[in-house]
2 protein chains.
Amino acid sequence: AAGSSKPQVARAKVLTIDTMNPTVKNAKYAVRGPIVARAAELERELNEGMKKPFDEVIKANIGDAHAMGQQPITFFRQFNAIIHADFYNALAICSYPELLNDSTFPEDAKSRAYRILQSCGGNSMGSYSASQGIDSVRQDVARYIERRDGGVPSDPDNIFLTTGACDGIMTMLKLLVCGEGPTRTGIMIPIPHYPMYSATLVELAAVQVNYYLNEEKCWSVDISELKRALDEARHYCNPRALCIVNPGNPTSQVETRQCIEDVIRFAAKERLFLMADEVYQDNVYGHGCRFHSFKTVLFEMGPEYSNTMELVSFHSTSKGYMGECGFRGGYMEVINMDDEVKAELTKLLSVRLCSPVPGQALVDLVFNPPQPGEPSYDNFIKERTAILSALEEKAKLTEQVLNTVPGISCNPVQGAMFCFPRITIPEKAMIEATEQGQQPDVFYCMKMLEEAGICVIPGSGFGQKEGTYHFRMTILPPIDKLQILLNKVKEFHQKFTQKYS
Amino acid sequence: AAGSSKPQVARAKVLTIDTMNPTVKNAKYAVRGPIVARAAELERELNEGMKKPFDEVIKANIGDAHAMGQQPITFFRQFNAIIHADFYNALAICSYPELLNDSTFPEDAKSRAYRILQSCGGNSMGSYSASQGIDSVRQDVARYIERRDGGVPSDPDNIFLTTGACDGIMTMLKLLVCGEGPTRTGIMIPIPHYPMYSATLVELAAVQVNYYLNEEKCWSVDISELKRALDEARHYCNPRALCIVNPGNPTSQVETRQCIEDVIRFAAKERLFLMADEVYQDNVYGHGCRFHSFKTVLFEMGPEYSNTMELVSFHSTSKGYMGECGFRGGYMEVINMDDEVKAELTKLLSVRLCSPVPGQALVDLVFNPPQPGEPSYDNFIKERTAILSALEEKAKLTEQVLNTVPGISCNPVQGAMFCFPRITIPEKAMIEATEQGQQPDVFYCMKMLEEAGICVIPGSGFGQKEGTYHFRMTILPPIDKLQILLNKVKEFHQKFTQKYS
C-alpha cells in the first residue's frame with residue numbers, strides 16, 4: 001500500500017525555520033555571527049580580484065593564537081608527533097622505529113608519551129577513554145592544581161576532562177536547570193559576557209540573570225550589583241548559580257583577591273552554586289595584577305567555606321601561552337559536589353562517550369610541562385616567556401594607542417586576550433543605523449569591516465549598559481601587525497566620526 | 001554587610017539529586033552503566049590481588065577496536081605523526097627537520113598533511129576551524145560520497161564535520177524538537193536501539209516513538225510496524241522524524257535495497273524527516289548482504305523523491321576497519337535541508353566553536369585513503385583487508401558457537417560489530433532477579449560478570465520486546481580470544497541454566 005501512493009510534487013519541508021526548535025532559533029552567538037560571515041565573503045571577493053579599500057581582512061574577532069601566526073610550543077608538538085604515531089603500536093608493527101630512535105625527539109617528550117599511551121585502551125589514542133577522562137591525565141591535572149594553589153589538595157576524582165572549556169560549562173549549566181515558571185532556574189552571568197553563556201541558557205530555557213560589571217572600575221565585579229541583580233531576579237525565577245569569568249572575556253579585568261573573597265561570601269550567604277571560568281589564568285599582564293584561583297581563596301577562608309561551598313572551575317588548552325584551540329582540550333574541577341550528582345554528571349558525559357583523546361593528551365602535557373633538569377626545560381621556558389612577554393607588550397600598546405583616539409576609551413587590558421573599548425557613536429550614525437534596522441554598534445563594526453577590512457565584534461553581542469557602545473578586538477596579532485591594526489582602527493574611527501558629525 | 005554574615009555551618013548543597021535537571025536524571029545509558037562500573041571495580045580488585053573465579057575481565061560491552069587489540073592502520077598513524085608535528089611550523093622553526101626528510105614517511109602521507117595544514121588557520125592544527133569544518137576536508141568527504149554512491153553528486157556545503165557521529169545525531173535531534181503536549185515532537189527509533197538515542201530524547205524532552213525490529217526476520221525493519229507505531233503515536237505527539245540504523249546496532253542487520261526504498265516511500269508519504277545512521281557502512285559480512293546508502297536509493301527513485309525528501313546521513317571514523325574512536329571524528333551530510341535551517345545548524349555548531357581538528361584531519365584521511373599507484377596503497381589495502389576479513393570470520397564464529405548453546409539463539413551477524421543473542425532465563429532466576437530489584441537480563445549479565453569475568457550489556461539497555469531477553473556482545477576481540485570468550489559464555493549459560501532449573 002505504501003508503495004503505490006505518491007508524495008505531493010512540491011512537498012513542503014518537514015523542518016523549516018518556523019517548525020524548528022525555537023530555543024535554538026532564539027539563541028544568539030555574535031562571535032561567529034553575520035559580521036564574521038561577511039568577513040569571509042570579503043576574503044573570497046578579494047581572492048577573486050575584486051577591488052576593496054584594503055588588501056586583506058584582519059580577523060581580530062576571536063582569540064585564536066595560532067591563526068594569528070603564533071608558533072606552537074615546540075615541546076607540545078614533539079610530544080604530539082610521537083603520541084600520534086602511537087609509540088607502542090609503531091614499535092609493535094615495526095613500521096617506523098626511526099621515530100623512536102630519533103635523537104631530535106627529547107627523552108622527556110618520549111617518556112610522557114609512554115605514560116599516556118600506557119593509560120589508553122590497547123595502548124592506542126584511537127580507543128575511547130573513560131567518560132571522565134584518562135586516569136593518568138586527571139592525576140597530572142590534580143597535581144598541577146596543587147602546585148598552582150600552593151598545596152591545597154586536589155582529588156583526581158574531582159577532575160573531569162572536557163572538549164574545551166565550553167563543553168564543561170554547558171554540561172554544568174545543563175545539570176543545574178530545573179523548575180517551571182517562577183521556580184525556573186536562574187543563572188547569574190556578567191554583562192558584558194562571552195555569548196556562549198547566553199546562547200546555552202536560551203537553549204536550556206533557563207533564566208539569564210544579568211549583573212553588570214563596573215566599567216568605571218576597570219570592569220570589576222561589584223557585590224552590591226550582584227545583590228541588586230539577585231533580589232530582582234528572585235521575583236521571577238529561582239537563581240541557583242553565579243558565573244564569574246576571571247580574567248574577564250571580553251572585558252579583560254583580573255579580579256582582586258578581596259573581590260573573590262567577597263564573591264564567595266556572597267554566594268555562600270545567598271546559596272548560589274559558584275562557576276568560575278578561569279581559562280585565562282595564565283594571561284595576566286596588568287600592573288599589580290595577579291591571578292587568584294577561586295579554589296585557593298575558598299580554602300584560605302577556612303573549613304566553614306571550604307567544606308561546604310559548591311564550586312566548579314573551568315580551564316582549557318586553548319588560551320594561555322599555548323593557544324592550542326583546535327585540539328579542544330579542557331578540564332573542570334568540581335569541589336563539594338554531591339556524590340549522586342557527580343554520578344549523574346559522569347552519566348551525562350558518557351552519552352557522548354568521551355572527550356577527544358588527542359585533546360586529553362595535550363591537557364596532560366600542558367599541565368605537566370618540562371621541569372628543571374629535563375632536556376626540554378630551557379627551550380620550553382624560553383618559548384613560553386617570549387609569548388607571554390609579547391602578549392603583555394601588546395596589551396599595553398593596545399590600551400595606549402586606543403586611548404589616543406577622541407571618542408574611544410579603553411580600560412587597561414589586565415589579562416586575557418581582548419580589549420573592549422567604549423566608543424562614542426555620533427547621533428547621525430545612530431539614525432542611519434536605525435533606518436537600516438541595525439544596532440548602532442553593529443552598524444559601526446560593519447562599516448569598519450567594509451571600509452578598513454577589520455573584523456571585530458560589536459559590544460551588543462556581549463551585552464552592554466543601555467546607551468553605551470563597545471567592540472571586542474583581540475590583541476593576538478604579531479606586534480607589528482597589531483600596530484598597523486590599531487592605526488587602522490584609529491583612522492577608521494576618525495573618518496567615521498567626521499562623516500557622521 | 002555581606003562580609004559580616006556567616007553561612008550555616010552544615011550548609012545544604014545547592015545541587016542535589018532532587019534539585020538537578022530531571023531530564024538528565026531520567027536519561028538512561030546502559031552502555032556505560034552499572035555493569036560497566038562493576039567491571040572496572042572487579043579489574044581493580046584483581047589488580048589488588050583479590051581472588052576471583054577468573055584471571056581477567058573481558059570487556060565485550062563496547063565497539064572499541066583498538067582497545068580490543070586491533071592495530072591502527074599504518075598510513076593513518078604516519079599521517080598523524082606528520083600532521084601533529086605541524087609540518088609547516090616544524091619547518092619554520094627548524095626544530096626537527098628529520099621528520100620532513102625521513103624517508104620512512106611516505107610521500108602520499110606527507111602530501112595529504114600539507115593539504116590539511118594549508119587549510120588550517122596559521123597552518124596549525126592548533127587553530128579553531130570554521131564551525132562547519134575545514135573546507136578541504138568537507139570537499140574530500142563529498143568526493144568520497146560521490147565515489148561510494150556511483151556518481152550521485154555531493155555538495156561540500158551539505159557536509160558538516162562533527163565530534164563523532166553522536167554529536168551530529170544529537171544536534172539534528174535538537175533542531176527537530178518543538179511543540180508542547182500533544183504537538184510535542186515525536187522521534188521514531190528502532191527497538192532494540194543504541195541508547196544514545198533514547199538518552200538524548202529524554203534530555204530534549206522529545207517523545208520517543210518505538211518501532212520494533214523483526215527478530216524473526218533477522219531484525220529487519222518492517223513497514224507495517226512503522227505504520228502501527230506512527231498511527232498510535234499520532235494520538236499523543238507530533239512524529240516528525242524517522243531514525244534508521246543501517247547496519248544495525250546492537251542488532252547487526254543489513255537492510256535490503258527494497259526495504260530502504262519502502263522506508264523512503266513511507267517517510268515521504270507520512271512527511272517524516274529521515275535520519276540514516278550509517279556508521280557501520282564498511283562493516284558488512286552477511287551472506288548476500290550489501291550496504292546501500294539511503295542517499296543512493298533516494299536518487300535512484302527519481303527527482304520526485306530526490307528533490308524533496310529531507311535526509312541526513314551520519315558517518316564516523318570510529319567504526320569500519322579503522323576503529324579510531326578516540327579521535328572523535330565524524331561527519332553528516334544533509335540533503336534537501338531548508339536553507340534557513342542550515343544557517344541555524346551552523347550557528348548551533350558555532351557555539352561549541354568547532355569539532356576537534358585532529359579528528360577532522362583523520363576524517364580527511366579515512367575518506368581520502370591511498371589510491372592505486374601511491375606508495376602506501378598496497379600496504380593500506382593489505383591491512384584493511386586483513387581487518388575486514390578477520391571481522392567477517394569473527395561474525396560467523398560468533399553466530400555459530402552461540403547457536404550451539406541450548407537457550408541461546410543468535411541471528412546471523414550481518415554487519416556492524418556486535419551480536420545480540422536472545423537468551424532463555426529460567427523461571428527461578430526471574431524470581432530471584434525480582435527479589436533483588438533487578439530486571440532478569442541485568443541479573444543474568446551481572447552474574448556473567450561476577451562468575452565468568454565477562455562484561456556484556458543487558459538487552460533492556462537497548463529495549464526489547466516484552467518478555468524477551470538478550471545481551472549485546474562485541475565481536476572485536478582477536479579470534480583466539482573471541483573463541484575463549486564464546487566458550488566462557490557457553491559454559492556460564494549452561495551453569496546458570498542448571499543452577500536455576
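User: What does helix 14 of chain B lie across, and at what angle does it run to strand 2 of chain B?

Analyst: Helix 14 of chain B lies across strand 2 and strand 8 of chain B, running at about 25° to strand 2. Angles here go from 0 to 180 degrees between N-to-C directions, using lines fitted to C-alpha atoms (for helices, over the stretch in contact). Before we go on: this is a predicted model, where local features need pLDDT of at least 70 and side-chain atom pairs need 80 or more, while totals for chains, interfaces and linings use all residues. Residues are numbered from 1 along each chain as written, chains are lettered from A and ligands numbered from 1 in the order written, and side-chain values use heavy atoms, with hydrogens and water left out.

User: How do you know that the length of helix 14 of chain B agrees with its number of residues?

Analyst: A helix is a DSSP run of H or I with at least four residues, a strand is an E run with at least two, and numbering starts at the N terminus. The expected span is 1.5 Å times one less than the number of residues. The 13 residues of helix 14 (339-351) should therefore span 18 Å, and its end C-alpha atoms sit 19 Å apart, which agrees.

User: What makes D338(B) a cap for helix 14 of chain B?

Analyst: One of its side-chain oxygens lies 3.1 Å from the backbone nitrogen of E340(B), at the N-terminal end of the helix. A polar contact needs N or O atoms within 3.5 Å, one able to donate a hydrogen and the other to accept it; residues adjacent in sequence count only if both atoms are side-chain atoms. Just after the helix, L353(B) takes a positive phi of about 75°.

User: Which elements cover the buried residues of helix 14 of chain B?

Analyst: Both chains pitch in: the cover includes helix 1, helix 8 and helix 9 of chain A, plus strand 2, helix 8 and strand 8 of chain B. Cover goes by contact, meaning heavy atoms within 4.5 Å. Among the buried residues are V341(B), L345(B) and L348(B), but also K342(B) and E344(B).

User: Why is E215(B) called buried or exposed, whichever it is?

Analyst: Buried is under 20% relative accessible area, exposed is over 50%, and partly exposed is in between (1.4 Å probe, protein chains only). E215(B) has 12%, so it's buried. It sits in the loop between strand 4 and helix 10 of chain B, and its side chain makes a polar contact with that of R422(B) at 3.3 Å. Leaving aside residues up to four places away in sequence, E215(B) touches N411(B), R422(B) and H470(B).

User: What makes strand 2 and strand 4 of chain B edge strands?

Analyst: The open sheet has seven strands in the order 2-8-7-6-5-3-4, with mixed pairing. Strands 2 and 4 each pair on one side only, and pairing takes at least two DSSP bridges. Strand 3 and strand 5 of chain B clear that bar with four bridges, in the parallel sense.

User: Why is the E450(A) and R38(A) pair called a salt bridge?

Analyst: The rule is a side-chain nitrogen of Lys or Arg within 4 Å of a carboxyl oxygen of Asp or Glu. Their closest N and O atoms are 2.5 Å apart, with E450(A) in helix 18 and R38(A) in helix 2 of chain A, 412 residues apart. E450(A) is partly exposed at 28%, whereas R38(A) is buried at 17%. Both belong to a salt-bridge network with E41(A), E45(A) and K52(A).

User: How are E261(A) and R265(A) placed in helix 11 of chain A?

Analyst: They're four residues apart, which means about one helical turn separates them. Their salt bridge has its closest N and O atoms at 2.1 Å. E261(A) is buried at 14%, and R265(A) is buried too, at 17%.

User: What makes the backbone at C218(B) worth a look?

Analyst: Most residues other than glycine have a negative phi, and most peptide bonds are trans. C218(B) has a positive phi near 55°, and at 14% accessibility it counts as buried. R271(B) also has a positive phi, about 55°, but is partly exposed at 32%. As for peptide bonds, the one joining I191(A) and P192(A) is cis, with omega about 0°, and the one from N246(B) to P247(B) is cis, with omega near -10°.
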